[in-house]
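Me: I am new to this structure and would like to go through its aromatic rings with care. Could you explain the reasoning behind each label as we go?

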Amino acid sequence: MDPLVLRLLLAAKQQDLAALRQLHALIELVTQIGDAVHHLQRERGLSNLVMYTPQTSFQIQLNDQAKLVDQALENTARVIQTIMSSGYISAARLQTSIALALQSSFDLAEIRKSVQRYQFRQEVSQTPCEHYSVLIRLWLDVVIEAAGLSVSAQVSRSVLSLIYLLQAKEYAGQERAWGVIAFSGKAAGGELAERLQVLGQSQHDALQALWPAIDAESCLQYRPYFEQDNGQQYAELKQLMLGLCLHSQASPTLAELWYQSASQRIDVLHSMLEPVKANLEQQLTNSKQTYDKEQRVLQHHRSEPAGIVADDVPPLIPSASKYPEQASLLHLLREQSHYISSIEAELCNARIAVQELKIIQRAKLLLIDQHQLTEQQAHHQLQKLAMDMQETLAEVAEQVVEKLACHKKKSAKST
């Protein structure tokens, strides 16, 4: 084989190996963030129980949960440190998202202090719950950015299913936290009822997006639980909760029961992370085996003598019997070329789905920033626009981004 051709082929394969290393890093990152987000969601709900209910026993649970959160965030930071020091991920947008999430995590100590202050003064506030939600959203943004970098269509789909699942869990977690406030009767009834209704609908939408994205066995196992729960305690308490909001009434003794019932639902959602993680880990194992095999081929060819004269160069299409090493390399590269061609369209579709999630997130952030809305209100506004315009949520979000971004630029110029 011509030395120049060999060098070019080896360089191409090295790029593929670099992509595999990035794939390993992304899978490890998103699975670790999923664990950290779960613990943060539980701490948020317990914080509201501590502030809004008379029971003092929740303080011990909150303290224990805070330790779990700290450990999960330390593990996440350790994974990020390893990834960054290895240089496997250099995408600027992902690095920025990670930096924002890490920096905001440093504010967690102050959020906890504010909960303690309100508890000591026997006061209540919705601010800590909002701050927890912002922090969780920033970590979910990291997962969305990571999904867009995958070079594997299968991994992109798996990470996409993880995103839908984490979103459904987050809406369920916020519903759990705000439901405690609803039962306490210590918040504006109509506004809180609307928030809870939006969270319920958003949770439903995320689950509807999730079912086609996960494997058939998991869908068959879990979907009935969320579509046949009308007679369960959770549904009954939810209806009672909304009624209390609309009529400005309270039932604080039911707050603990609601928390436990909502937590059971969230725990089922959390258990769904296991098959998604197992799928990602299996892909990680497969890609590592591929990496090891290809690395051995590369190392063999790197170790070949460099001083090959023209007469000794094998033909471009080598004979498998005379030049088995070159033939194996060329076969490997042809297989990879065919694989890349076959998944190109599939990978493009997966990335479009991730891009739609990113544009929806950006639209919500602009609405929050320019109109002082909560995240639930921003999401609800996008949903309403989509229904009125008979367009998809992503299409409406793109129009909102263009309009608000243009308005923001004009305002900046005028000042």
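Reply: What follows is a short exchange about ring pairs, burial and a charge over a ring, all in a predicted model.

Me: How many aromatic pairs does the structure hold?

Reply: The structure holds 4 aromatic pairs, and one of them is formed by Y225 and F226.

Me: What makes the pair of Y225 and F226 edge-to-face?

Reply: The planes of Y225 and F226 are 80 degrees apart, with 5.0 Å from centre to centre; because centres within 6.5 Å make a pair and planes over 60 degrees apart count as edge-to-face, the label follows.

Me: Why does Y225 count as partly exposed, and is F226 buried or exposed?

Reply: Y225 has 26% relative accessibility, which lies between the cut-offs of 20% and 50%, so Y225 counts as partly exposed. F226, at 8%, is under 20% and therefore counts as buried.

Me: Why is the pair of Y234 and W258 called stacked?

Reply: The planes of Y234 and W258 are 20 degrees apart and the centres 5.6 Å apart, so the pair meets the limit for stacked, which is under 30 degrees.

Me: Which parts of the chain does this pair link?

Reply: Y234 lies in helix α9 and W258 in helix α10, 24 residues apart, so that the pair links distant parts of the chain. Together with F183, Y234 and W258 form one aromatic cluster.

Me: How do you know that Y234 and W258 are buried?

Reply: The relative accessible area is 7% for Y234 and 0% for W258, and because buried means under 20%, both residues qualify.

Me: Where does the charged end of R195 sit?

Reply: The charged end of R195 sits over the ring of W178, 3.8 Å from the centre of that ring.

Terms used: Residues are numbered from 1 along each chain as its sequence is written. This is a predicted model: local features need pLDDT of at least 70, side-chain atom pairs count only at pLDDT 80 or more; totals for chains, interfaces and linings use all residues. Side-chain values use heavy atoms; hydrogens and water are left out. Rings of Phe, Tyr and Trp (its six-membered ring) pair if their centres lie within 6.5 Å; planes under 30 degrees apart count as stacked, over 60 as edge-to-face and the rest as tilted. Buried means under 20% relative accessible area, exposed over 50%, partly exposed in between (1.4 Å probe, protein chains only). Helices (H or I, at least four residues) and strands (E, at least two) are DSSP runs, numbered from the N terminus. A charge sits over a ring if NZ of Lys or CZ of Arg is within 6 Å of the ring centre and within 35 degrees of the ring normal.
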